[in-house]
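Got the viewer open and the selection box ready? Let's walk through this model one stop at a time.

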Amino acid sequence: MSDSRSRLLSVVQPATPVGLAEEAPVGGPLLEPGLADVVTLQRRKAAEVSDGDEESFFVDTLAEYRWARDAAGLAATTLDRLTRPVLEICEHYGLAPWRLTPRQAGQYFAGPGKRARSTVRQKMNIIDSYFAFLEQRYAGEIARRYGVAVESPVDAFNRPRHRGDFGLRVPPSQRAAREFFGRWRDSLDKARKPLIARRDYVMGKITYISGVRAAELCGVRIGDLHWESGQWGRFLVNGKGARGSGPRPREACMFEEGRDLLWWWIEDVRGDFTDDPEHPDAPLFPSERIPAAVSALNVTGPGIAVTPSTFRRALKVAGQRFMTGPVTHLHPHLLRHAAATHSYERGMSLWEVQKMLGHDRPTTTVSYLATAHADPEAASLAAAGRAVQRLTMDKGNLR
């Protein structure tokens with residue numbers, strides 16, 4: 001299967017209407033005048049062309065689909081994910097997408113393509129969206145060229161019932177989180193690689209304190225730290241964005257505990273890595289590996305950042321070693337849930353939790369608080385106290 005990024009969109013010639021027998025191309029589609037978009041079942045075989053032409057046309061549709069979604073403002077990584085499942089199933093069967101059947105799609109995702117439920121759900125939704133694009137822009141042309149009606153292989157029987165991952169993430173309790181980070185901190189001096197162990201610990205603790213995502217934290221640079229902003233300082237992260245708009249820079253809060261931790265990291269630990277820690281483009285959390293090209297030059301410059309997958313593996317190992325209680329499998333997004341839940345339980349309002357997580361909608365934030373232990377009576381008393389305080393302070397302004 002050709003790569004859509006290595007080809008230009010070819011100029012597709014319109015089908016030649018069959019008016020005179022001598023002008024009709026040999027093996028071309030036989031269409032009645034005035035019925036250019038209609039190919040009957042009896043004439044489908046006559047409308048077929050070579051496999052190479054069909055494959056090239058498939059690549060052209062993928063390229064135009066990527067261009068359309070790129071114009072909609074999607075990020076480059078998102079564009080890659082939009083075409084990968086389509087290429088995956090087409091390469092498995094060796095067919096163009098418009099020749100796939102619902103039975104083949106069901107067999108593939110129940111057999112060779114079977115993955116986690118959320119992964120299969122995501123792939124089938126992507127394939128369904130691509131077929132919506134084909135139906136809108138290419139249904140008539142595909143019918144003229146190949147005699148096939150464009151119909152999504154994701155039908156009413158294999159279509160996922162939900163979108164997204166609806167599994168309940170249960171974060172550790174505040175006590176369990178406090179004990180976990182305490183045990184992890186005490187083990188740093190005995191680690192096989194103390195420098196890497198300290199880096200992983202600081203990343204895990206900052207994730208729990210500020211509620212940032214793994215990819216956001218790995219992308220932070222030294223120049224993104226703003227110690228003078230807010231009460232205890234803030235740092236810039238390249239946020240996820242909302243409704244497919246692409247990454248959006250936003251400020252993440254250090255808070256008092258995070259400021260002390262980051263200051264210790266910058267002053268006492270960060271300089272032990274081999275790159276230049278004073279360069280503003282140097283990663284806040286560098287990788288221990290040095291690119292071969294940089295190593296050959298023997299010069300000091302900004303290093304490369306640790307990858308989210310490396311951070312996830314380190315957090316998983318730490319959770320298995322130091323977590324006690326029902327929750328032992330830790331990953332960065334679970335710490336993000338824990339940050340939201342514990343901040344809300346300690347009295348932070350829903351709006352403040354939403355701002356901390358960088359959510360565009362409060363309904364998204366509410367889903368992070370599914371396991372929060374709220375106390376409506378205590379909240380009512382606190383609200384009444386705040387109301388009395390406002391009336392007392394502003395009594396001279398009452399009208």
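Start with the whole chain in cartoon view: there are 15 helices and three strands to find. Keep in mind that this is a predicted model. Of the 399 residues in the chain, 38% are buried. If you switch on contacts between residues at least 6 apart in sequence, 61% of them join residues at least 24 apart.

**Stop 1: helix 2**

Select residues 76–93. That's helix 2, with 18 residues and a reach of 27 Å from first C-alpha to last, close to the 26 Å expected at 1.5 Å a residue. Now look along the helix: where does the kink sit? Put a label on Thr83, where helix 2 bends by about 25°, shortly before the proline Pro85. Both Thr83 and Pro85 belong to the buried residues of helix 2. Colour in the rest of that buried set too: Leu79, Leu82, Val86, Leu87, Ile89 and Cys90. Then step just past the end of helix 2 to Gly94, which takes a positive phi of about 70°.

**Stop 2: helix 2 against helix 3**

Keep helix 2 and add residues 102–110, which form helix 3. The two axes are 11 Å apart, and the helices pack at an angle of about 100°. Helix 2 and helix 3 are therefore roughly perpendicular to each other, since 65 to 115 degrees counts as such. Show side chains for Glu88, Ile89, His92 and Tyr93 on the helix 2 side. On the helix 3 side, pick Gln104, Ala105, Gln107, Tyr108 and Phe109, which meet them. By type, the residues of this contact are five nonpolar, three polar and one charged. Ile89 is worth a second click, as a residue that is buried and also takes part in the contact with helix 3.

**Stop 3: helix 4**

Next, select residues 117–137. Helix 4 has 21 residues and reaches 31 Å between its end C-alphas, close to the 30 Å expected at 1.5 Å a residue. Which residues of helix 4 are buried? Light up Val120, Arg121, Lys123, Met124, Asn125, Ile126, Ile127, Asp128, Tyr130, Phe131, Phe133 and Leu134.

**Stop 4: helix 6 across helix 11**

Select residues 174–186 (helix 6) together with 308–322 (helix 11); their axes come within 10 Å and cross at roughly 100°. That makes helix 6 roughly perpendicular to helix 11. Zoom in on the contact: Phe180, Arg183 and Trp184 of helix 6 meet Leu315, Ala318, Gly319 and Phe322 of helix 11. The residues here split into five nonpolar, one polar and one charged.

**Stop 5: Val269**

Jump to Val269 in helix 9, residues 255–269. Is Val269 buried or exposed? Its relative accessibility is 3%, so Val269 counts as buried. Draw a distance from the C-alpha of Val269 to that of Leu195: the viewer should give 7.2 Å, although the two residues are 74 apart along the chain. Skipping neighbours within four places in sequence, Val269 is in contact with Leu195, Arg198 and Trp264.

**Stop 6: Ser343**

Finish in helix 12, residues 332–345, where you'll find Ser343. Ser343 has a relative accessible area of 8%, so this serine is buried. Which residues does Ser343 contact, leaving aside its neighbours within four places in sequence? Select Met348 and Met356 to see them.

Terms used:
Residues numbered from 1 in each chain as written. Predicted model: local features only at pLDDT ≥ 70, side-chain atom pairs only at ≥ 80, totals over all residues. Heavy atoms only, no water. Helix = DSSP H or I, 4+ residues; strand = E, 2+ residues; numbered from the N terminus. Expected span 1.5 Å × (residues − 1). Bend = angle between axes of the 7 residues up to and from the residue. Buried < 20%, exposed > 50% of the residue type's maximum accessible area, 1.4 Å probe, protein only. Axes fitted to C-alpha atoms, helices over the stretch in contact; angles between N-to-C directions. Parallel < 35°, antiparallel > 145°, perpendicular 65-115°, else oblique. Contact = heavy atoms within 4.5 Å. Nonpolar A, V, L, I, M, F, W, Y, C, P; charged D, E, K, R; others polar.
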